[in-house]
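User: Hi! I'm new to looking at protein structures. Could you walk me through this one?

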Amino acid sequence: MASKRLREPSGGSGLKRSRGGPAVLSSELQERKEAVQAAWSSKTTYKGGDLELHCRPFPHCIIKNFLSSETFVENLQTELLSLNFNEKSNDLYKFKQSDDLKKTTLPHITGLSSALFGSFRLWLEEVLGVSLEPTVDISCAKYEYTDVLLCHDDELEGRRVAFILYLVPPWESGDGGTLDLYSTDSNFKPQDKVKSLVPSWNTLVLFEVSPVSFHQVSEVLSQDKCRLSLSGWFHGPSLERPPRHVETPFPRNPHIPRDETVLLEWINPVYLDVAYQEQIQEEFEDSSEIQLKDFLKEEKFTEVSMALRLAQIKWTRRGPPNKRSYNVATLDSLPPSVSACWELLHSEAFFLLLSNFTGLRLHYLCPADEEDEEKERQDDGVAGSSAGSSLANSGRVKEQSTPVCCGEVRQWTHGSYTLLHDGEAARAEYALDLLLPFGCRSWHSDFGGYTCYVANEEDEELLTVYPEDNSLALVYRDKETLKFVKHVNHKSSSTSRSDQAALHPKCCSCTAVETHSCSSVIPSSTIYIQVE
């Protein structure tokens with residue numbers, strides 16, 4: 001944005017006179033090369049002049065005054081700001097990125113690239129003791145208010161060293177945009193932020209890409225500063241990666257035996273009308289998603305909303321941060337009304353209601369649709385004509401699966417999110433997701449906190465579900481559809497909002513039900529219901 005404050009040149013505007021050709025790097029790189037090389041090899045800390053090497057939580061080097069000419073740096077900034085920037089946003093990040101720098105002919109950008117992947121690459125090879133490719137992999141990014149890059153390790157085939165060159169105005173930790181480094185546990189999962197590097201003008205930070213190089217760019221909190229940087233990777237032989245840790249799945253339990261009286265007590269009577277349920281089912285079957293507004297009785301919703309504010313609830317942060325970060329309630333700390341609502345969502349009667357809403361066979365009392373009945377007739381015919389493998393097939397079709405459920409009561413505050421990850425894609429199932437938010441009155445889409453559905457291994461966004469008080473969202477997805485909750489940004493807790501009291505971030509709690517069901521595809525498959 002034009003209004004964002006950048007470092008001001010010392011006089012005038014536009015490009016100043018500077019020598020053409022490759023950028024001239026700090027003379028201290030050569031003067032201190034052997035000392036840095038020895039420290040890197042021995043995994044010890046080194047501080048000398050403008051260079052620092054630290055090995056905790058993983059090896060990283062900070063080089064101040066990286067480019068020797070101040071005029072060159074200022075002209076480089078001017079050229080970068082003249083580029084076209086595109087908004088980039090997904091589960092992991094939100095920022096603006098320039099067009100491909102490989103295509104530019106601007107002299108200071110090409111001069112820097114030449115120096116980075118020429119003399120500086122050779123310096124790195126000697127310091128690390130590895131051979132690096134002369135591949136140019138560099139981009140420019142602008143991070144402005146609420147922009148963020150969440151926890152990740154940078155690991156892709158061939159990446160060996162990551163680097164960031166900062167071109168920022170005077171910057172403080174309170175402005176956000178820090179480079180946060182994470183510790184890891186014995187399973188190579190990120191745990192806690194243990195170090196935050198504040199950006200500074202003409203400073204380059206580099207680190208070795210490894211199974212433990214978890215880091216993030218924290219959310220930019222300043223509303224009038226722009227975090228401009230150049231970043232990229234040097235390519236070479238990747239470090240050996242241990243097998244990825246497989247998380248323990250949520251424990252699953254059968255539904256709670258509760259009859260329809262629990263529905264009469266909690267659910268808005270309009271949704272218990274059979275004719276209206278048929279109408280909902282028709283709409284749902286057309287689009288595979290629907291939102292049922294004012295789902296709970298008003299007095300029940302108000303009671304639960306107030307109870308979720310009570311200090312007695314014990315909230316803990318759930319991670320790891322490369323997959324998720326949000327608060328989850330300890331179930332035995334829930335107030336009675338919240339526990340009762342929890343039981344409603346786990347009840348047998350509610351499963352039957354879900355079946356009536358969606359047409360999915362989530363309860364044994366649900367009638368089979370025409371396709372299921374035809375499939376069973378075909379399988380019966382196969383079983384009658386072939387007694388070998390058909391016996392197993394017939395038994396598989398006839399077996400009645402039992403719904404199971406598991407879940408959490410989650411609290412979404414500033415900084416909460418979930419990310420897509422390989423483990424989720426590998427375990428993807430047919431699923432009916434149910435989201436029932438509390439405490440989200442006047443929630444705005446630019447706060448984040450909404451649920452996005454995307455096609456696996458594609459950038460295509462299929463559906464976005466925004467949190468809305470007492471609005472039950474039902475979304476049916478297949479194995480090729482994944483979901484994430486967008487990072488809740490600083491706007492959600494801004495004290496400048498007139499509705500701050502109603503929208504205190506700790507009041508934005510969400511109870512949701514996920515129903516995983518293969519029954520619509522293979523009638524005998526296990527029905528799995530998850531309550532989040």
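**Charges, a helix and some pairs**

Analyst: Happy to! Let's begin on the surface, where D422, E457, E458, D459, E460, D478 and E480 gather in a patch of negative charge. Keep in mind that this is a predicted model.

User: Where is E457 placed?

Analyst: E457 sits in the loop between β22 (451-455) and β23 (461-465).

User: And is E457 buried or exposed?

Analyst: E457 is exposed, because its relative accessible area is 78% and anything over 50% counts as exposed.

User: Cool. Switching to helices: which residues of α7 are buried?

Analyst: In α7, which covers residues 298-307, the buried ones are K300, F301, V304, S305 and A307. Looking down the axis of α7, these buried residues fall within an arc of 165°, so they line one face of the helix.

User: What does the face of α7 turned away from the buried side carry?

Analyst: That face carries the exposed residues E298, E299 and M306.

User: New topic. How many salt bridges does the structure hold?

Analyst: There are 20 salt bridges in the structure. As background, side chains of opposite charge can pair when their charged atoms come close.

User: Nice, can you show me one?

Analyst: Sure! The side chains of K33 and E126 form a salt bridge, at 3.0 Å from N to O. K33 belongs to helix α2 (residues 33-42) and E126 to helix α4 (residues 107-128), so this pair ties together parts that are 93 residues apart in sequence.

User: How accessible are K33 and E126?

Analyst: K33 is buried, with a relative accessible area of 13%, while E126 is partly exposed at 41%.

User: What about D175 and K225, how far apart are their closest N and O atoms?

Analyst: Those atoms are 2.7 Å apart, and D175 and K225 form a salt bridge. D175 is in the loop between β8 and β9 (179-184), and K225 is in the loop between β12 (215-217) and β13, so the pair ties together parts that are 50 residues apart in sequence.

User: Are D175 and K225 buried or exposed?

Analyst: Both D175 and K225 are buried.

User: And which residue forms a salt bridge with E155?

Analyst: E155 pairs with R241, and their closest N and O atoms are 1.6 Å apart. The two sit in distant parts of the chain, 86 residues apart. R241 is partly exposed, with a relative accessible area of 28%.

User: Last one: which residues are linked in a network of salt bridges?

Analyst: E87, K96 and E144 are linked in such a network.

Terms used:
Residues numbered from 1 in each chain as written. Predicted model: local features only at pLDDT ≥ 70, side-chain atom pairs only at ≥ 80, totals over all residues. Heavy atoms only, no water. Patch = residues over 30% accessible without salt bridge, like charges linked within 9 Å, V, L, I, M, F, W, Y side chains within 5 Å. Areas by Shrake-Rupley, 256 points an atom, 1.4 Å probe, with all protein chains shown as cover. Salt bridge = Lys/Arg side-chain N within 4 Å of Asp/Glu carboxyl O. Lys, Arg positive; Asp, Glu negative; His and termini not counted. Charge placed at Lys NZ, Arg CZ, Asp CG, Glu CD. Helix = DSSP H or I, 4+ residues; strand = E, 2+ residues; numbered from the N terminus. Buried < 20%, exposed > 50% of the residue type's maximum accessible area, 1.4 Å probe, protein only. Arc of directions from axis to C-beta.
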